[in-house]
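Thank you all for coming. I would like to take a few minutes to walk through one model with you, keeping to what can be read from its atoms.

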Amino acid sequence: MSRRGNNVRGPTSALTEFLRESGINPATIARRVATQNQPRNIAVAGPSASGNNVEDVPEGEQPEEGAPRASSGRRGRGRNTGYASDELDEPAEESPVKKRKTTNGRATAAAKAKAKKKAKDDGDYEGTSEDEYRAISKNLWSVGGNGPKPPAGSFETCARCEKQFTVTKYTMAANPPPGYLCHHCVKASGTDPFKKPAVPRKRANVTEKRDIVSFQERRFPSLVAMCIELISRYIDDVEALGDIGAVNMDEIAKALSKNRGLTPQNAHLFYDVLNKKLRFYDATNLTPDALTTLASLNPNLTHLHLDYCGRLTSPVLLAFSTSMPQLTSLTLLGPFLVRTEAWIGFLKAVPGLRVFKITQSPRFDLECMQTLADSCKHIEELSLREIGLMDNEFADPLCSLPPLRVLDLGFPGIGIDEDGWMKIIEKHGSTLETLDASKHEGFTDHILQESVREHARVLSELKLDECFSLTDEGVAQFFDNWSHPIALKDNDHDMDVDSEPMDVSLMSLEPFTPNPPLRVLSLARNQVLSSAALVAVITHSAQSLTWLSVNGLRSVSSEALAQLKRAKELCYLDVGWCRELDDFVMKDVVASCTKLNEIKVWGCSRVRGVGWGVKRAIKVHGIEPSGGM
């Protein structure tokens, strides 16, 4: 068949280039195979027939339409193959796909279709999208030049190295034929017989690529950030930081805490006689002598905050009280080594203390608490977090303190019971802005409805993690009725005709100031709480909530979770282990809460993070790789 004169070719391998230069193409291979397999009784043109005329064949022995025909003259007129070396070895044969034209010079549509199908089967059809030299590999698997491929398990002689080998399904025909090649010769030619055809990868949906929101927007760092990173990397080579401002000093301290780079040798860079505030985010490497030096070189400190101060001992704490007489705020995380006597001595030496926050101090006992109540008469913020010896006896000293703005008694060793909490809320409820009663089994629904609801007027932060005495109905009722007066809302159904008359006139005339909506709320790991509590929370505080954690509320329905979209001011949301949460709910929440910048969805197996339809920077934590499957 004639070929189109197309000189445009793509990139080819060395083997393909060699085959082209040697004149080996699908047409020559097919011609050789057809010549060797043709019947013996067909008349072949002799030397005298090399001209334009073709020797006649008897009518009874005419080949079928699809059989090859010996017509070198017609072939010479039809096209100029240019492969003279091949014609010297084998007699020229017409391509098997050649069709006899009709008298008017036009083939029928059926004949063309049949010829095209035959050409596709022989690998000699140019309309295919595959490369013409790649197509021969299909024939080489089954055609070795001497008939069909021998069965697997039989023995054959390699056409190249002439060694005997066993035929398998991976055996390939020699190129050029005849014969077959052993595995070593096939590999030597650059072909891997065991290589499977590459399966095209499924193209990912474009919409899914665009809808993924578990990313962080990358921006170029500012010059200040680059300088801080450079200083923190070579902090041991810095002699002095100079007057860079308190904000930049704090940023350098944060950068050093990432790899615990703060040491006694470079800590002096942060010391100054004029310092009023000092915070170290990781003081693990500071020895007791280094902490004593801190107090000596910063005598005018009023605010000191040390995280991970596990090496702070009793003598160091007493040195704080003598070297920093103006200290009004002390925050310590992990002062394990400080004993009871040191706490008592320190609290007596700093009566002007206004902020006292300690976490994980196993030796802070009732005597220390009593000393704090007797000595520190101006205390405003108190945090005794993870105190192992805290029990119900702490309630009386806490009630003797002045009205507090911040009270954090979370995660105690024993905890305070219901009566103790009733007295504490009655004492400090009117001024409390932050309350953390996490993991107190004595904190019940009765405290919420009778104490917090009655006395709390400026509360904006409430954390009740792992308060297992709370119920879904009690929490829902508390938030539903918090904005209503107790006398007019609840006492009506308690009146009895036989009871003494109540003076409701005075109660109704008392001014009622409802507590404003909460800004921060945490009800994490309260597995009893469910949809009713969450809906009541959103109804009461949706307009001002900026931080919300409902982690571990497994039984909350998707309809209740959908109500989160009403909290337009949310910036942080933790909905981990809410099993009914899915991408449809998150799409509405993210679209409605435009200020939301951090979400935690740990344990939410239905959330995949796609289809949310937003492109702003949001930190999403906890999406499972197999989510939604």
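I will begin with a cavity, move to the aromatic rings beside it, and end with salt bridges.

Please keep in mind that this is a predicted model, in which local features need pLDDT of at least 70 and side-chain atom pairs count only at pLDDT 80 or more, while totals for chains, interfaces and linings use all residues. Residues are numbered from 1 along each chain as its sequence is written, and side-chain values use heavy atoms, with hydrogens and water left out.

On a 1 Å grid over the protein atoms alone, a cavity is a set of points where a 1.4 Å probe fits but cannot get out, and lining residues have an atom within 4 Å of a point. The count comes to two cavities of 30 Å³ or more, and the second largest has a volume of about 50 Å³, a volume being the space filled by probe spheres set on the points, which are joined across faces, edges and corners. Its lining includes Phe270, Phe280 and Asp282, and helix α10, residues 246–257, gives the most to that lining, with three residues; helices here are DSSP runs (H or I, at least four residues) and strands likewise (E, at least two), numbered from the N terminus.

Turning to the rings, Phe270, Tyr271 and Phe280 form one aromatic cluster, where rings of Phe, Tyr and Trp (its six-membered ring) pair if their centres lie within 6.5 Å, with planes under 30 degrees apart counted as stacked, over 60 as edge-to-face and the rest as tilted. The structure holds ten aromatic pairs. In one of them, Tyr271 and Phe280 have ring centres 6.4 Å apart and planes at 45°, so this pair is tilted. Phe280 is buried at 1% relative accessibility, and Tyr271 is buried at 13%, where buried means under 20% relative accessible area, exposed over 50% and partly exposed in between (1.4 Å probe, protein chains only).

Which residue does Asp282 meet in a salt bridge? The partner is Arg260, at 2.9 Å, N to O, a salt bridge being a side-chain nitrogen of Lys or Arg within 4 Å of a carboxyl oxygen of Asp or Glu. Arg260 lies in the loop between α10 and β5 and Asp282 in the loop between β5 and α11, so the pair ties together parts that are 22 residues apart in sequence. Asp282 is buried at 8% relative accessibility, whereas Arg260, at 45%, is partly exposed.

Notes
1 Å grid on protein atoms, 1.4 Å probe; cavity = no way out; pocket = protein on both sides within 12 Å on 5 of 7 lines; lining within 4 Å.
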